[in-house]
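The following exercises ask the reader to follow the strands, turns, charged pairs and pocket of one protein model. Each task is followed by a worked solution.

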Amino acid sequence: MNSVVITGEVGRFRHNKTGNGQTVANFSVLSERRFSARDGSTKSNKVYMGVVVWGGAADLLMADGVSDGAVVLVQGHLANEKDQNDNWRTIINGQQVAVL
């Protein structure tokens with residue numbers, strides 16, 4: 001089963017239309033986990049995940065006026081894609097996004 005749910009802050013939000021008119025939104029989600037270290041100090045672990053959302057879900061994000069800093073919950077699945085430099089990266093292919 002390939003399923004992921006992540007909550008965090010939107011970063012680098014951009015959207016456009018493909019050649020066939022379908023909307024696509026690309027953004028990162030910053031998810032932060034705070035925990036207590038053995039010495040009693042508070043530590044933070046930040047993870048940035050790339051997210052791609054297509055079609056109606058991307059249209060809804062644009063209609064909601066989502067921009068950098070908005071807090072979202074993304075549900076989808078993991079996928080691999082090549083970037084502009086032919087390097088592979090793991091992203092979340094978002095199927096549902098809720099603005100919190």
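A strand is here a DSSP run of type E with at least two residues, and strands are numbered from the N terminus. Under that definition, Thr-7 lies in strand β1. The model is a predicted one.

**Exercise 1. Determine in which order the strands close into a barrel, and which way each listed pair runs.**

Step 1. Begin with the general principle: strands of a sheet pair through backbone hydrogen bonds, either parallel or antiparallel.

Step 2. Take β1 and β2. These strands run antiparallel and are joined by 7 bridges. Within this pairing, Gly-11 stands opposite Ser-28 in β2.

Step 3. Continue to β2 (residues 23–36) and β3 (residues 42–54), which are antiparallel and share 13 bridges. Two residue pairs can be located here: Ala-25 has Val-53 in β3 as its bridge partner, and Glu-32 has Lys-46 in β3.

Step 4. Proceed to β3 and β5 (residues 88–99). This pair runs parallel, with 4 bridges. Val-51 has Ile-92 in β5 as its bridge partner.

Step 5. Add β4 and β5, antiparallel and joined by 11 bridges. His-77 stands opposite Asn-93 in β5.

Step 6. Assemble the result. The 5 strands close into a barrel in the order β1-β2-β3-β5-β4, with mixed pairing. Neighbouring strands of this sheet are turned by 45 degrees against each other on average, direction ignored.

**Exercise 2. Identify which residue takes a positive phi in the hairpin of β1 and β2, in that of β2 and β3, and in that of β4 and β5.**

Step 1. In the hairpin of β1 and β2, 5 residues separate the strands, and Gly-21 has a positive phi near 90 degrees.

Step 2. The hairpin of β2 and β3 has 5 residues between its strands; in its turn, Gly-40 shows a positive phi of about 95 degrees.

Step 3. For β4 and β5, there are again 5 residues between the strands, and the residue with a positive phi, near 65 degrees, is Asp-86.

**Exercise 3. State how many salt bridges the structure holds, and assess how exposed the participants Arg-34, Glu-32, Glu-81 and Arg-89 are.**

Step 1. The principle is that side chains of opposite charge can pair when their charged atoms come close. The cut-off applied is a side-chain nitrogen of Lys or Arg within 4 Å of a carboxyl oxygen of Asp or Glu.

Step 2. The structure holds 2 salt bridges. One joins the side chains of Arg-34 and Glu-32, at 3.5 Å from N to O. Another joins Glu-81 and Arg-89, whose closest N and O atoms are 2.8 Å apart.

Step 3. For accessibility, exposed means over 50% relative accessible area, buried means under 20%, and partly exposed lies in between. Arg-34 counts as exposed because its relative accessibility is 61%. Glu-32 has a relative accessible area of 37% and is therefore partly exposed.

Step 4. Apply the thresholds to the other pair. Glu-81, at 24% relative accessibility, is partly exposed. Arg-89 is likewise partly exposed, at 36%.

**Exercise 4. Describe the largest pocket: what is its volume, and which residues lie nearest its centre?**

Step 1. The volume of the largest pocket is about 310 Å³.

Step 2. Its lining consists of 15 residues, and those nearest the centre are Arg-14, Asn-26, Gly-50, Glu-81 and Arg-89. Two or more lining residues come from each of β1 (4–17), β2, β3 and β4 (71–82).

Step 3. β3 provides the largest share of the lining, 5 residues. By chemical class, the lining comprises 5 nonpolar, 4 polar and 6 charged residues.

Step 4. Relate this to Exercise 3. Glu-81 and Arg-89, both among the residues nearest the pocket centre, form a salt bridge with each other. Arg-89 lies in strand β5.

**Exercise 5. Give the separation in sequence and in space for Thr-7 and Val-99, and for Arg-89 and Gly-69.**

Step 1. Thr-7 and Val-99 are 92 residues apart in sequence, while their C-alpha atoms are 9.7 Å apart. Thr-7 is partly exposed because its relative accessible area is 37%.

Step 2. Arg-89 and Gly-69 are 20 residues apart along the chain, and 23 Å separates their C-alpha atoms.

How values were computed: Residues are numbered from 1 along each chain as its sequence is written. This is a predicted model: local features need pLDDT of at least 70, side-chain atom pairs count only at pLDDT 80 or more; totals for chains, interfaces and linings use all residues. Side-chain values use heavy atoms; hydrogens and water are left out. Two strands pair if DSSP finds at least two bridges between them. Axes are lines fitted to C-alpha atoms, for helices over the stretch in contact, and angles run from 0 to 180 degrees between N-to-C directions. On a 1 Å grid over the protein atoms alone, a cavity is a set of points where a 1.4 Å probe fits but cannot get out, and a pocket is an open set with protein on both sides within 12 Å along at least five of seven lines; lining residues have an atom within 4 Å of a point. Grid points are joined across faces, edges and corners, and a volume is the space filled by probe spheres set on the points. Ala, Val, Leu, Ile, Met, Phe, Trp, Tyr, Cys and Pro count as nonpolar, Asp, Glu, Lys and Arg as charged, and the others, Gly among them, as polar. Buried means under 20% relative accessible area, exposed over 50%, partly exposed in between (1.4 Å probe, protein chains only).
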